[in-house]
Amino acid sequence: MSIHFPDWVSPALALAQQTLESCHAPDSFDFVGQIDETLPREGYRMQLSPMESGKQTLRVSGGSDIGLMYGAMDFVNRIIPAAEQAHKWMFPYYFVNPFETGFAPMDETSSPSVARRGLWTWGHVIYDYRGYLTNMARLKLNELVIWNDFAPLNADEIVAFAHGLGIRIIWGYSWGWDTSIKTDLSDPLALHALEDSVVDTFVRHYAALPDDGIYFQSFTETAEEEHNGQIIADVVVRWVNRVCARILTLKPDLELQFGLHATSVRSRIASIAAVDPRVRIVWEDCGAFPYAYMPENLSGRAETAAFTDELAHLRPNASVGVVFKGMICLDWTTFVHRTAPERIGEASETAIAQRQPMARRIMRLVQSSWLTNGGAMLDTVRQLAVHEDSQILALLEDGLFDRQIWFPAALFAAALWNCGQSIDQLIHETALRPDVVFA
């Protein structure tokens, strides 16, 4: 394949070229990539000319190098697999070579249905940050929340690599979160001490880090609405607003994301509307799949849909996000907090190989439910995609996404890019991707 890119180099264009070269097209096929700033930054236009004298040209125009990379990814992972299908039995069995027979002429534009598309994970279970971020780029995902007990020692390197592929990095740390509520919410002195600790941690460890925002969780991860006689929703809103005001005074342009568990505030959602509008609420645990840890859990699906609509319209002048689950999470039976800062995403191949059997076993379990219940996920995406700045993340922890693009992750990403397709179409196209792995 003859590949022509703009006369400058970027990590996104390098990955695009590597991906194009992997399809081993003949020299008679030309790929011409260019930048067209009239397109959305992440959008692209793909034009395939008719075959003439055994030659064919694909022209991809991207709104930026990121849009151009996305166009190259879609050509390799969507257009080629569809064109290879002969739709009849023939030799060689079932397939044609579209580089010999010719691709059908086309002229299409594409851009994402959801503006902010990403993943959420603890940092210490990213085994290879380069592999993790590269696979995100292959799926056209653009945001990663990395939650960690300490700021990573290699944060600069991670952010630089991510930005080269069009991915924002949001650092997450605890603002009073733990596996149980450790602060007496009825004690003003305890709350003020916690407030000072959070701000001090930000100043000492996060303020100077390269980032695209800070994600935090406080004391809402409980099924109880009250703690020590205090309504959690009321206390957390007042407390979070105070902390955010102090941090935004120090760094006014910082994006703050409040990871809020719906389990403790669901019937008190009116109180949550008072969260500082400068802060994006990122909702978790909002009911049935796609919010549930187990993707077969559709119990209360109608109520979940109604709640999604409610939270989506709760604060008309503020941004909203959600975290989907149902893929793979930490093994909480062996979980321990980290004890010191560390470099993340640089595990040995031995450690990766040791994790492989369990990751595959879990993915084999959950992918069956993604195949049968994917429509519920797509419906929820459509509810949220009506907002221009919508954000949808998926929890994908300790699952070796660094090495393999599992089917559920790819189906999730496909729905975020084009939620106008039917779930059957999305499943069909995702299953055909040459880089997707079924466990």
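## A tour from strand S15 around the barrel

Begin by selecting Phe324 and Ala394: in this predicted model, Ala394 of S15 is the bridge partner of Phe324. The two strands to display here are S14 (residues 320-328) and S15, which pair in the parallel sense over five bridges. Next, follow the chain from S14 to S15; the path passes through helix H10 (residues 349-384), and this β-α-β crossover is right-handed.

**Strand S15**

Now select residues 391-396, the whole of S15, where six of six residues are buried. In a regular strand, side chains point alternately to the two faces of the sheet. Which residues of S15 lie on each side? Gln391, Leu393 and Leu395 are on one side, while Ile392, Ala394 and Leu396 are on the other, and all are buried, with both faces covered.

Add strand S6 (residues 116-122), which pairs with S15 in the parallel sense over five bridges. Within this pairing, Gly118 has Leu393 of S15 as its bridge partner.

**The barrel**

Widen the selection to S6, S7, S8, S9, S12, S13, S14 and S15: in that order these eight strands form a closed barrel with parallel pairing. From one strand to the next, the twist averages 25°.

Then select S13 (residues 279-284), which runs parallel to S14 and is joined to S14 by three bridges. Val282 can be picked here, with Gly321 as its bridge partner in S14.

**Loops with particular backbone geometry**

Continue to the loop between S13 and helix H9 (301-312), where Pro290 lies. The peptide bond from Phe289 to Pro290 is cis, with omega near 20°. Asp285 is found in the loop between S13 and H9 as well. Its phi is near 55°, a positive value in a residue other than glycine.

Move to Ser53, in the loop between strand S3 (44-48) and strand S4 (56-62). Phi of Ser53 is also positive, near 55°. Are these two residues buried or exposed? Asp285 counts as buried because its relative accessibility, 16%, is under 20%. Ser53 counts as exposed because its value, 80%, is over 50%.

**Helices H6 and H7**

Finally, select H6 (residues 188-206) and H7 (residues 232-250), which pack at an angle of about 35° with their axes 10 Å apart. Their crossing is right-handed. Residues making the contact include Leu191, Val199 and Phe202 of H6 and Trp239, Arg242 and Ile247 of H7. The contact residues comprise eleven nonpolar, one polar and four charged.

Methods. Residues numbered from 1 in each chain as written. Predicted model: local features only at pLDDT ≥ 70, side-chain atom pairs only at ≥ 80, totals over all residues. Heavy atoms only, no water. Axes fitted to C-alpha atoms, helices over the stretch in contact; angles between N-to-C directions. Helix = DSSP H or I, 4+ residues; strand = E, 2+ residues; numbered from the N terminus. Left-handed = near helix turned anticlockwise from the far one by under 90°. Contact = heavy atoms within 4.5 Å. Nonpolar A, V, L, I, M, F, W, Y, C, P; charged D, E, K, R; others polar. Buried < 20%, exposed > 50% of the residue type's maximum accessible area, 1.4 Å probe, protein only. Pairing = 2+ DSSP bridges. Right-handed = clockwise from strand over helix to strand, strands pointing away.
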